[in-house]
Amino acid sequence: MLRKYSNSRSHSDNLKLGSLSAFSAGMINIGSLLLFFSFSSNITGHYAVLASEIAKGNIYQTVVVLSWILLFFMGSFISNLAVIHLNHKNSYIAHSIPLILEIVCLITVSIYGDHFYRETLAETEILLAIMLFAMGLQNGLTASISNFSIKTTHLTGTTTDLGILFSMFTKKEFRNNKTLKQRAKLLLSITVFYLIGAVLAGFTYRYLEFKMFYLVSSVLVVIIVYDLYKLRLKIYLHKRKLFKLKLPVVELKENIILKKEERVA
């Protein structure tokens with residue numbers, strides 16, 4: 001999911017990354033809505049609020065909402081910065097860094113929410129700012145490494161693209177197009193997993209509250225560890241294959257030596 005970049009990625013790579021990251025984004029967004037009464041994964045609504053606060057002349061709220069938008073922007077900026085500057089050295093590490101930073105953000109919010117949160121306005125604004133930064137990191141990473149095929153923190157573009165694709169499928173020539181079918185499958189997976197994550201957050205909120213972000217972090221850990229596990233498994237299988245190939249060579253050498261000894265005798 002994280003080792004390959006841009007056009008070298010397979011449909012399967014995008015499908016797995018898109019589904020799991022959409023699931024985590026759905027949980028985070030509904031978690032933020034229930035805990036802070038505001039969305040953290042989609043930024044469109046915050047632009048509308050910003051415009052409204054500017055029109056009202058409310059300077060404090062204008063600065064707060066503007067800082068949320070800028071933090072989402074910074075998350076995306078840092079993700080792509082890590083990808084384009086470190087990708088040539090080690091793509092897996094470059095692609096893992098934004099997710100590790102996102103996990104740090106989520107755990108920070110979980111710990112603070114569980115032990116120190118007093119539900120003041122300032123606390124809520126700061127915690128929501130951290131969540132928006134985390135979502136910027138995730139959306140920036142998935143969009144960057146998938147050549148903009150995957151955006152998982154909001155579904156506006158996904159729903160639009162699905163509407164366009166399904167209208168194209170009314171013609172037979174497009175229904176048989178493999179690329180379009182894979183695109184539709186990817187977008188549907190993102191939508192379904194986002195919804196599953198959101199519903200799960202809605203059901204578990206009363207029991208987990210801030211602890212739900214630990215659960216989201218564990219999903220992100222699976223994304224990071226999955227490639228590492230596959231890489232180690234491939235190395236192990238490769239070594240095992242080499243080991244098996246060496247056996248006949250050794251036996252062949254032993255036979256040659258024995259035959260030489262027999263001829264000498």
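At what angle do helix H4 and helix H5 pack, and how far apart are their axes? Select residues 91-115 for H4 and residues 121-145 for H5. The model is a predicted one. In it the two helices pack at about 160°, and their axes are 9 Å apart. An angle over 145 degrees counts as roughly antiparallel, so H4 and H5 are roughly antiparallel to each other. Their crossing is left-handed.

Next, show the side chains between this pair. On the H4 side, select His 95, Pro 98, Leu 99, Leu 101, Glu 102, Cys 105, Leu 106, Val 109 and Tyr 112. They meet a set of H5 residues that includes Glu 123, Leu 127, Ile 130, Met 131, Phe 133 and Ala 134. Further members of the H5 set are Met 135, Leu 137, Gln 138, Leu 141 and Ile 145. Coloured by class, the contact of H4 with H5 shows 16 nonpolar, two polar and two charged residues.

Stay on H5 and hide H4. Is H5 mostly covered or mostly open? It is mostly covered, with 21 of its 25 residues buried. For a length check, pick the C-alpha atoms at the two ends of H5: they are 36 Å apart. At 1.5 Å a residue, the 25 residues should span 36 Å, so the two values agree. After the helix comes Asn 147, which has a positive phi, near 60°.

Now add H3, residues 59-86. How does H3 lie relative to H5? The axes of H3 and H5 come within 7 Å and cross at roughly 30°, which makes H3 roughly parallel to H5. This crossing is right-handed. The contact of H3 with H5 is made up of 17 nonpolar, nine polar and one charged residue.

Within H3, select Leu 70. Its relative accessibility is 45%, so Leu 70 counts as partly exposed. Add Leu 132 and take the C-alpha to C-alpha distance from Leu 70: the two are 9.2 Å apart in space and 62 residues apart in sequence.

The last stop is a loop. Select Ser 38, between helix H1 (11-36) and helix H2 (44-56). Is Ser 38 buried or exposed? The cut-off for buried is under 20% relative accessible area; Ser 38 has 14%, so it is buried. Which residues does Ser 38 touch, apart from its neighbours within four places in sequence? Ser 38 is in contact with Ser 32, Leu 33, His 46 and Leu 128.

Definitions and conventions
Residues numbered from 1 in each chain as written. Predicted model: local features only at pLDDT ≥ 70, side-chain atom pairs only at ≥ 80, totals over all residues. Heavy atoms only, no water. Axes fitted to C-alpha atoms, helices over the stretch in contact; angles between N-to-C directions. Helix = DSSP H or I, 4+ residues; strand = E, 2+ residues; numbered from the N terminus. Parallel < 35°, antiparallel > 145°, perpendicular 65-115°, else oblique. Left-handed = near helix turned anticlockwise from the far one by under 90°. Contact = heavy atoms within 4.5 Å. Nonpolar A, V, L, I, M, F, W, Y, C, P; charged D, E, K, R; others polar. Expected span 1.5 Å × (residues − 1). Buried < 20%, exposed > 50% of the residue type's maximum accessible area, 1.4 Å probe, protein only.
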